[in-house]
Amino acid sequence: MAQQWSDIAADGLSLKTREAPLARFREFARRNPTVVGGAAVLIVMVVLTLAAPYLSSNPFDLDPIRRLQVPSAESWFGTDNLGRDIYSRTLYGGRISLAVGLGVAVSATLLGLVIGLISGYSRSLDAVLMRIMDGLMAIPAILLAITLVAVTSASLENVIMAIAIAEVPRVARLVRSIVLTIREQPYVEAAVSIGTGLPKMFVRHILPNTMGPLLVQGTYVFASAVIDEALLGFIGAGIPPEIPSWGNIMAEGRVYFQLAPWIIFFPGTFLTLTVLAVNVLGDGLRDMLDPRLARQM
Amino acid sequence: MWAYIVRRLLATIPVAGVVAVFVFSLLHLAPGDPAAVIAGSYAMPKDVEQIREKLGLDEPIYIQFGKWMWQVAHGDLGDSIFSEVPVTRLIAQRVEPTLCLAAASIIVAIVMAVPMGVLAACKAGTWIDYLVMVFAVLGFSVPVFVIGYVLIYGFSVHAHFFPVQGFVSIREGVKPFLRSITLPSVALGVIYAALIARITRASLLDVLAEDYIRTAHAKGLSSGVVITRHALKNASVPIVTIVGVGIALLIGGVVVTESVFNIPGLGRLVVDSVLARDYPVIQGIIMMFSGIYLVINLLVDISYTFLDPRIQY
């Protein structure tokens, strides 16, 4: 009898594992349509930009005879004032814009995590660090970023650094508030009372609790970084103009806007779709990871 | 309450101090000799020396900072490197368009966002709610200049409802002024409205679940009165907070919107100064914008005590 039961259980288990991946994914997609939808659009964008060499022509190829061409079968998104293909430039530009988004998201999250952990744990440093964060937050992010790019010099790394610095305070505040809540929890008290050292405490108890909110915050930082890059490029204080990023392509379209609006509209649409996907993904992740918050928002 | 206001005022001082240190160090963050940076690439060593002496750049850094703070505290932000006009005068010349744009955008945003948020919360789960949420996420995902260009393309280039670009002062007539300010304030207002609508909805949803709302309905008050008198008033603290925090967003948006619509305001001034590395002007404008942000958020914090008497400090 016992033998039989275990056999049935084993059968059930193997059946489950055989069907699992697809069925589980379907179930997941049904419960979190925004996560799956947002991620899907984002993946399409990443694939499109990475596959740019196979999908489009050289974004730097000049063709002055075919300048300011309307979108057509030949050049899908039209051409700019130098006859460069906007479709190719948009795909290649996506690489830069997405790289900025990723670079800022990673560096701002890491820096914010460190600052947040320190200020959540040390009362003396907390006051100083939080005043600095408040001060940075009082300077409008775009203004802070264009100024930092101006005093350093326009390069991809400096643009990433400048936008990241503007984004750090929000991440640091989030991490700090999480640490402040967690350190009052009974299990942390218990860990302290059995003599758990600080490093182990961070790795075992504090860090895992910050991961969910940080992931969500990271997506929002990514989204606003992509927009900030476009704004910087548009103003002319971003990545060097010869590198096509979505912001830079649109900046070049400014002068010809009335003649050739497609120079702005196509990269603008790609950018909006990407940012929208990331924001939706972030909202979905937040609802998935913290159902309590989901009810509030 | 007065003790709270004083405490809150005092808490602003260190934050303003951090801003001041950052703004002061801008010039020194730039790689190389500040005097050489100011003098430009074609300057002779003699000129660099002259500038160094004139600006006191040969003194120890803490003395420079002290002197600079003393000047700023007296309302002297220094002179522009290029036009040699006092920064305060440059700001005064440009402040009107920016103020008009910001005020109009706030009005557009609140007039759009609060009713939308209220409607979404009251009809939670329906297609109206869904539509408002789509607007809220979309508004937050489009760069302000793209909205600006779409508006220009639709309403100025194709249908000639509004001028394409430029700014007309209110002194030259109310109608031309309104025509020139409509598109920019809508472009900027939409982004701000997305933020406010989202918070209004969330905050109102929380309040609508409270017992006293059911009581108000039960005693026969009309839905309109319940929403405005009971619900919206109690939901106002997060809404006012986000309006205050959003000021930073608004200022950033002003900088870009002025470039799109060719409005000669402070945003254009700061962009032009950044491109020309005119440090005193950059420093002055950042100080001013951050000051405005701090003052508005101070007012927001103080307004809590009026909006919600339960909040005690």
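## The nonpolar core

In this predicted model, the largest nonpolar core (buried Ala, Val, Leu, Ile, Met, Phe, Trp, Tyr and Cys residues joined through C-beta atoms within 7 Å) has 171 residues, and those with the most contacts inside it are A:L143, A:A145, A:I146 and B:I196. Domain 1 (11–73) and domain 2 (95–307) of chain B both contribute residues, so the core lies between them; the domain bounds come from an automatic or database assignment. Buried means that 20 or more other C-beta atoms, placed from the backbone, lie within 10 Å of the residue's own.

Beyond its neighbours within four places in sequence, B:I196 is in contact (C-beta atoms within 7 Å) with residues including B:A109, B:I110, B:I239 and B:V243.

## Where chain A meets chain B

Contacts join 35 residues of chain A to 38 residues of chain B. On the chain A side, α5 (123–138), α6 (141–151), α9 (198–235) and α11 (262–289) each supply at least two residues, and α11(A) gives the most, with eight. Helices here are DSSP runs (H or I) of at least four residues, numbered from the N terminus.

## A helix pair in chain B

Helices α5 (residues 87–122) and α12 (residues 266–276) of chain B pack at about 130°, with axes 7 Å apart, and are therefore oblique to each other, a class for angles outside under 35, 65 to 115 and over 145 degrees. Axes are lines fitted to C-alpha atoms over the stretch in contact, with angles from 0 to 180 degrees between N-to-C directions.

## Conventions

Residues are numbered from 1 along each chain as written, with chains lettered from A and ligands numbered from 1 in written order. Local features need pLDDT of at least 70 and side-chain atom pairs count only at pLDDT 80 or more, whereas totals for chains, interfaces and linings use all residues.

How values were computed:
A residue is buried if 20 or more other C-beta atoms lie within 10 Å of its own, exposed if 12 or fewer, and partly exposed in between; C-beta atoms are placed from the backbone. Two residues are in contact if their C-beta atoms, placed from the backbone, lie within 7 Å.
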